[in-house]
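Got your viewer open? Keep the selection box handy, and we'll go from stop to stop.

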Amino acid sequence: MAMMETNKTLVTEFILTGLTDRPGLQVPLFLLFSVIYLITMAGNLGLIALIWKDAHLHTPMYSLLGSLAFADACTSSSVTPKMLINFLSKNHLISLFECLVQFYFFGSSATTECFLLVMMAYDRYVAICNPLLYPVVMSNRLTTQLITVSYIMGFLHLTVHMCFSVRLTFCKSNVIHYFYCEILQLFKISCTDPTVNMLLIFVFSTFIQCFTFMGIIISYTFVLFAILKKKSEKGRRKAFSTCSGHLLSVSLFYGTIFFTFVFSASGQAADQDKMSSLFYTIIIPLLNPFIYSLRNKEVTNALRRLWKKKNAFVTMKMLQ
């Protein structure tokens with residue numbers, strides 16, 4: 001038995017099977033996801049640049065929104081570039097180190113997003129339920145601290161999992177039936193018993209998602225009562241419009257996580273699991289900047305001001 005254990009060859013590289021193994025779909029999928037990635041980066045980085053450039057957007061709400069946009073850009077960038085390379089390459093290998101790094105940055109960005117969403121809900125709670133105290137409560141210092149805590153929690157959460165993941169060895173198979181290094185897929189092909197790892201992921205993920213989701217629910221319960229108490233219909237409409245984008249983003253994010261857990265627990269087809277993962281790794285980061293921008297008058301007004309400044313600058317250059 002000992003001889004058999006020593007003769008096992010340890011795996012240090014893996015093969016990502018991707019979204020599909022059909023050769024005819026590789027180029028169309030590459031083109032589709034290239035466009036999605038470019039729009040995602042332009043939308044999120046453009047929103048960050050606009051918030052930084054326009055003084056009218058230097059408020060706690062937009063500081064949190066800019067941080068969310070950065071987390072979305074990181075989430076997409078941790079998965080999409082490798083997936084695009086694999087669409088056109090016959091070599092779908094990824095080293096164990098690259099695999100763990102991809103998981104680390106994806107997981108930390110996703111965890112950070114959970115905390116940023118609850119911080120944004122708290123911001124809306126203070127703004128609507130205690131508008132007179134808003135400038136005092138949501139100071140620039142507190143906003144910076146909330147953003148910092150969100151990112152620290154994201155990185156600490158994944159650091160714990162990384163510390164326990166490096167003990168795993170792989171000798172059964174080197175094929176990961178996924179489009180990125182999803183940690184549960186790694187556990188399936190591990191020669192080391194991953195029970196401790198799986199328990200940690202279940203406990204930490206459940207706690208973080210339940211804690212943040214309950215924080216959002218509690219904040220918006222108070223917000224809803226505050227909106228219903230407003231006598232003016234215009235005031236109610238304005239208050240609700242400031243929350244609608246965040247509520248839609250929260251619904252997409254936690255709704256996708258919920259369905260992913262349902263598919264995993266019920267043993268649904270792997271393709272369904274891939275589609276739900278695809279949604280929160282690539283589609284949500286694509287949609288978020290547009291959800292927060294298209295119906296937001298402050299953002300559209302900032303875009304108009306920027307456009308006018310640009311036109312004025314070009315006109316001055318032409319007249320010189």
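A disulfide here is a pair of cysteine sulfur atoms within 2.5 Å. Keep in mind that this is a predicted model.

**Stop one: the disulfides.** By that rule the count comes to two. Select Cys 99 and Cys 181 to begin with: their sulfurs are joined, S to S 1.8 Å. The torsion about this S-S bond is about -110°, so the disulfide is left-handed. Zoom out a little and you'll see that the pair links distant parts of the chain, 82 residues apart. Cys 99 sits in helix 4, while Cys 181 lies in the loop between strand 3 (175-176) and helix 7 (183-188). Add a surface, and both Cys 99 and Cys 181 turn out to be buried.

Now pick Cys 171 and Cys 191, which form a disulfide with their sulfur atoms 1.8 Å apart. Its S-S torsion is about -125°, so this disulfide is left-handed. Cys 171 is in the loop between helix 6 and strand 3, and Cys 191 is in the loop between helix 7 and helix 8 (195-229), 20 residues apart. Cys 191 is partly exposed, with a relative accessible area of 28%. Counting bonded cysteines along the chain, the disulfides follow the pattern 1-3, 2-4.

While you have cysteines coloured, click on Cys 74, partly exposed at a relative accessible area of 27%. Then try Cys 163, which counts as exposed at 51%.

**Stop two: a helix pair.** Select residues 60-88 (helix 3) and 96-129 (helix 4): they pack at an angle of about 160°, with their axes 9 Å apart. Angles over 145 degrees count as roughly antiparallel, and that is therefore how helix 3 and helix 4 run relative to each other. Their crossing is left-handed. Colour the contact by class and you should find 15 nonpolar, five polar and five charged residues.

**Stop three: the rings.** Show the aromatic side chains; the count comes to 15 aromatic pairs. One of them is Phe 70 with Tyr 151, a tilted pair at 6.3 Å centre to centre and 50° between the planes. Phe 70 belongs to helix 3 and Tyr 151 to helix 6 (residues 140-165), 81 residues apart. Which is buried and which partly exposed? Phe 70 is partly exposed at 42% relative accessibility, whereas Tyr 151 is buried at 17%.

Next, select Tyr 178 and Tyr 180: their ring centres are 5.5 Å apart and their planes at 70°, so the pair is edge-to-face. Tyr 178 and Tyr 180 are both buried. To finish, add Phe 106, Phe 179 and Tyr 280 to that selection, and you have a cluster linked by ring pairs.

Notes:
Residues are numbered from 1 along each chain as its sequence is written. This is a predicted model: local features need pLDDT of at least 70, side-chain atom pairs count only at pLDDT 80 or more; totals for chains, interfaces and linings use all residues. Side-chain values use heavy atoms; hydrogens and water are left out. Axes are lines fitted to C-alpha atoms, for helices over the stretch in contact, and angles run from 0 to 180 degrees between N-to-C directions. Helices (H or I, at least four residues) and strands (E, at least two) are DSSP runs, numbered from the N terminus. Angles under 35 degrees count as roughly parallel, over 145 as roughly antiparallel, 65 to 115 as roughly perpendicular and the rest as oblique. A crossing is left-handed if the near helix is turned anticlockwise from the far one by less than a right angle, and right-handed if clockwise. Ala, Val, Leu, Ile, Met, Phe, Trp, Tyr, Cys and Pro count as nonpolar, Asp, Glu, Lys and Arg as charged, and the others, Gly among them, as polar. Rings of Phe, Tyr and Trp (its six-membered ring) pair if their centres lie within 6.5 Å; planes under 30 degrees apart count as stacked, over 60 as edge-to-face and the rest as tilted. Buried means under 20% relative accessible area, exposed over 50%, partly exposed in between (1.4 Å probe, protein chains only).
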